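The following exercises are to be worked with the sequence and the coordinates at hand. Each task is followed by a solution in steps.

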Amino acid sequence: MELIYPTSFCLNLVIFASIAIPLVLGASDVYSDALLSFKSELVDHYNGLGDWFLPSGEDPTAAIAACSWSAVSCNNNSTMVIGLDLSGRGLSGQLSGKHFDVFHDLVTLNLSHNQFSGPFPVSVFNLTNLRSLDISRNSFAGHFPNGVSGLKKLVVLNAFSNSFSGTLPVEVSEIESLKVVNFAGSYFTGSIPEQYGNFNNLQFIQLAGNLLGGDIPPDLGKLQTLTHMEIGYNSYQGSIPWQISNMSELQYLDIAGANLSGILPKELSNLTKLESLFLFRNQIQGLLPKELSKLVSLKSLDLSDNFISGEIPESFSELKNLSLLSLMYNEMGGTVPQAIAELPMLETLLIWSNSFTGSLPHNLGINSKLQILDVSTNNFNGSIPPNLCANGMLSKLILFSNRFSGELPLFLSNCPSLVRIRFEDNSLTGPISLDFTSLPDISYVDLSRNNFTGGVPEGITLGSKLEYFNVSDNLKLGGVLPPKIWSLPVLQNFSASSCNISGNIPPFKSCKSLNVVELSLNHFSEDVPESISECQFLSYVDLSHNNLSGSIPEELGRSSSLQLLNVSFNDISGSIPESNNFKLMDGSAFLGNPKLCGVPLTPCSNSKKVQAEFLWVLILCVTVVALIALAIFGVCYVQKVRKRGQWKMVSFDGLPNFTADDVLKSFNSTEFMETMPYPLTSSPACKITLPTGITVLVKKIELSPEKMEVMEDFIVRLGNTRHKNVIRLLGYCYNKDLLYLLYDFLPKGNLAEKINLELDWTSKYKIVLGIAQGLCFLHHNCHPAIPHGDVRTSNIVFDESMEPKLAEFGFRFLMQLNKGSITSTVSKMQGGQYNTIKEELSTDIFNYGEIILEMLTNGRVNNVRKNAQRKTKDDVLEEVCKVVGVGKQDSLRKEIDLLLQVALLCINSSASDRPSIEVILKLLSTSSL
């Protein structure tokens, strides 16, 4: 037996301790060192990791320092890092992955909502204890790396919204513990691997918004634990495999926008737990299977925008939980079953653009929670059901382009939830019996193209939120306009053409928001009210074909917003105001008034005109003599000016008549100007303060030889463009070498600076709507149209009241003229040459759609230039609703959904399929905001 001497044993123990203890202590904080090294390769603009540092004098024997840092989670005794959550910190850069090796105990890794790019580091797949890996909403690119199957404990794999390409990783199907798989919103190609049917515990799969094709594999039907599947917004071949009906636990199925054809398999009725079925925007044909009535758990059914024919099955009366039924834009017909009115949970019924006939169910609204009803563009007849607002929740009632008859139902005067009424293009009769005191939120009323009588109701002046009112083409309406009609606080559009209205046009008092007035083809008499000039936002007025007399109010010539005043075929006399906005109007707006003269009609030749011309000649002569006298004392100064070229100044409405030298002196001191051939700005744009204290924004253009003459006509058109959502060009100053454009200076910044701010929804909607109104003015109210040319967030600026305005409109076109890449004839864009700018107008629409997407996500959607049709609308909708704090039952959710749909229409890859901005404004007008 070997003896151990105490002295020798103690000595050995001391030696061992002296070596081991430092090693342990030195290794105890490898996590912090690794994280600091990891931080060093990141770009952290927002200092999201500002607390990641080791304080000086830190005890090296203390616990892991990183456990006190943000985004880091440790176990209970702070001996190991088990979680890393870097989500939403604005980080960017490429990840090497070399720092992850020490985190062998890591359970959760969240890198989402950042701007990481480049290949995804394969070393992450060595973290074998990972249960959750979230890399969503980044810009990781390239093929999804091999090795993910090594994460045997992984439960959640979220790679949504990146830039991965190649085929979907097959090996992910080998991870038996997976419950969530999300590869949506990238550029994956090929087919869905049939091995994806082998998951044993999968509950959620999302593959939408990629470039996937081929057939949907029937093997997916083997996913017996799956509750949620979104695989739409791809371009598959063939039809929906009936085997999907074997997913016995499925609650949510979305294969929208996926190029599916064929018929709906009746076997889908086996999905008895299904609550949401979205198959819209496909090419599905045939009848609706009556067997779908077995989906008794169904809450949302959207089969819109397909080629489905036939009638709504009577058996749909069994869908007692259905709240959304959308069959719009199909080829369906027949009558709507009475049983639809018995669905107790029905909130939204959308069946517009079909060929339905007969009358709507008489009891519709009594037994349901109806909020939105749109049956427009069908062949319905009979009276409007009398109880649509029985539960007091109806907000939008859209019935236009049918053959409804009879009088307005009584409930329209006792439905305070109503926001929008559209009954145009029907055969309705009787008085307009709307009690605006009982409709406190009504904002949009269109009753045009019917047979109403009894005049415009006096009570309309109580519509405090009314923005749009149209009763045009009611030939028997008659009556007179209420005297206070223009005092409605938010009224923007009033149309009552072809209504047989007589009397005077009421004075325009307190017309704070009025933009469009259409009163043509009536019997109005006497003068155009002088007070019309008080409407500061008025842009379009049609008073043609009446019995008006007197003259055009001279004050209208000073209006900065008026684009068209049509007084044709009246008895107007006198001269047309001599202002730029009237000179730009088409002559047809003044025809049929024999006593009217002036541009754009024949010149006036009365004695007052001759006297005025003589007076101007006299003033001119005196001025010339004075200038000659002054010239004697200014020879030296004139010589200096000539050295740098003769300058010319042109002002538009809103800028006093400064001279060119007033503007030039505002750039720099007199001493500096004397040493330079012309004033220089430090950048293409700067702000200057003119002699009276007015601050303007100046953009500089270096002129190509002899191009100013070509550009000047277009600059004048830009300078005469006035709209509340378009920045004003106040004037321009130029010589043979340089051109300075002077704009309103708006100190509230631009949208690019505010895109990351979490604005409230009303503010967002105001911005989106304002941009659309500005573009609509340029595209449809300017004749010929003016394409913006560079619609982006940095070119949306704000005035003091945070009203959005389009900046740099037409500037790109102006630069093309300067470079000679287009001709001067095209710049005038007249006649058949309009086709040359259609592509530019369509590009404006596309860019507007991109801005909407950025607004919806507070700038958090990476690669916003991706084809958004490859992203799932519902995912983006969920994100936006979370940002603005809107729950699934909140009525605002539908408004957000509307805006998202508008964005998708705008960024359609086919330019010919994009709607005009005029159509977009009509779509936006369906919002209750």
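**Exercise 1.** What is the torsion about the S-S bond of Cys67 and Cys74, and is the disulfide left-handed or right-handed?

*Solution.* The model is a predicted one, in which local features need pLDDT of at least 70 and side-chain atom pairs count only at pLDDT 80 or more, whereas totals for chains, interfaces and linings use all residues. Residues are numbered from 1 along each chain as its sequence is written, and side-chain values use heavy atoms, with hydrogens and water left out.

Step 1. Establish the bond: a disulfide is a pair of cysteine sulfur atoms within 2.5 Å. The sulfur atoms of Cys67 and Cys74 are 2.0 Å apart, and the two residues form a disulfide.

Step 2. Read the torsion: about the S-S bond of Cys67 and Cys74 it is about -95 degrees, so the disulfide is left-handed.

Step 3. Examine the surroundings of Cys74, using the classes buried (under 20% relative accessible area), exposed (over 50%) and partly exposed (in between), with a 1.4 Å probe and protein chains only. Cys74 has a relative accessible area of 17% and is therefore buried.

**Exercise 2.** Determine how many disulfides there are and how the bonded cysteines are paired.

*Solution.* Step 1. The distance rule gives 4 disulfides. When the bonded cysteines of the protein are numbered in sequence order, the pairing reads 1-2, 3-4, 5-6, 7-8.

Step 2. Cys389 is bonded to Cys415, with an S to S distance of 2.0 Å. The torsion about this S-S bond is about 80 degrees, so the disulfide of Cys389 and Cys415 is right-handed. This pair links distant parts of the chain, 26 residues apart: Cys389 lies in the loop between strand S24 (379-382) and strand S25 (396-398), and Cys415 in the loop between strand S26 (403-406) and strand S27 (420-422). Here helices (H or I, at least four residues) and strands (E, at least two) are DSSP runs, numbered from the N terminus. Cys389 is buried at a relative accessible area of 7%, and Cys415 is buried at 0%.

Step 3. Cys597 is bonded to Cys604, with an S to S distance of 1.8 Å. The link of Cys597 and Cys604 is right-handed, with 105 degrees about the S-S bond, and both cysteines are buried.

**Exercise 3.** Describe the pairing of strand S3 with strands S2 and S5.

*Solution.* Step 1. Two strands pair if DSSP finds at least two bridges between them. Strand S2 (residues 72-74) and strand S3 (residues 81-85) are antiparallel and share 3 bridges; Ser73 stands opposite Gly83 in S3.

Step 2. S2 and S3 form a hairpin with 6 residues between them, and Ser78 in the turn has a positive phi of about 55 degrees.

Step 3. S3 is joined to strand S5 (residues 108-110) by 3 bridges, and these two strands run parallel. The bridge partner of Asp85 in S5 is Asn110.

**Exercise 4.** In what order do the strands of the sheet that contains S41 stand, and which helices lie across this group of strands?

*Solution.* Step 1. The open sheet has 5 strands in the order S41-S44-S45-S43-S42, with antiparallel pairing. Strand S41 (648-651) and strand S42 (685-689) are the edge strands, each pairing on one side only. From one strand to the next, the twist averages 25 degrees, where axes are lines fitted to C-alpha atoms, for helices over the stretch in contact, and angles run from 0 to 180 degrees between N-to-C directions.

Step 2. S41 and strand S44 (residues 729-734) are antiparallel and joined by 4 bridges; Ser651 has Gly731 in S44 as its bridge partner.

Step 3. Helix H8 (residues 708-719) lies across S41, S44 and strand S45 (738-744), at about 160 degrees to S44. Helix H11 (residues 811-819) lies across strand S43 (695-702) and S45, at about 30 degrees to S43.

**Exercise 5.** Which residues of helix H16 are buried, and which helices do they pack against?

*Solution.* Step 1. In H16 (residues 917-924), Ile917, Ile920, Leu921 and Leu924 are buried. Seen down the axis of H16, the buried residues fall within an arc of 100 degrees, so they line one face of the helix; the arc is that of the directions from the helix axis to the C-beta atoms.

Step 2. These buried residues pack against helix H10 (761-781), helix H13 (838-856) and helix H15 (892-906), contact meaning heavy atoms within 4.5 Å.
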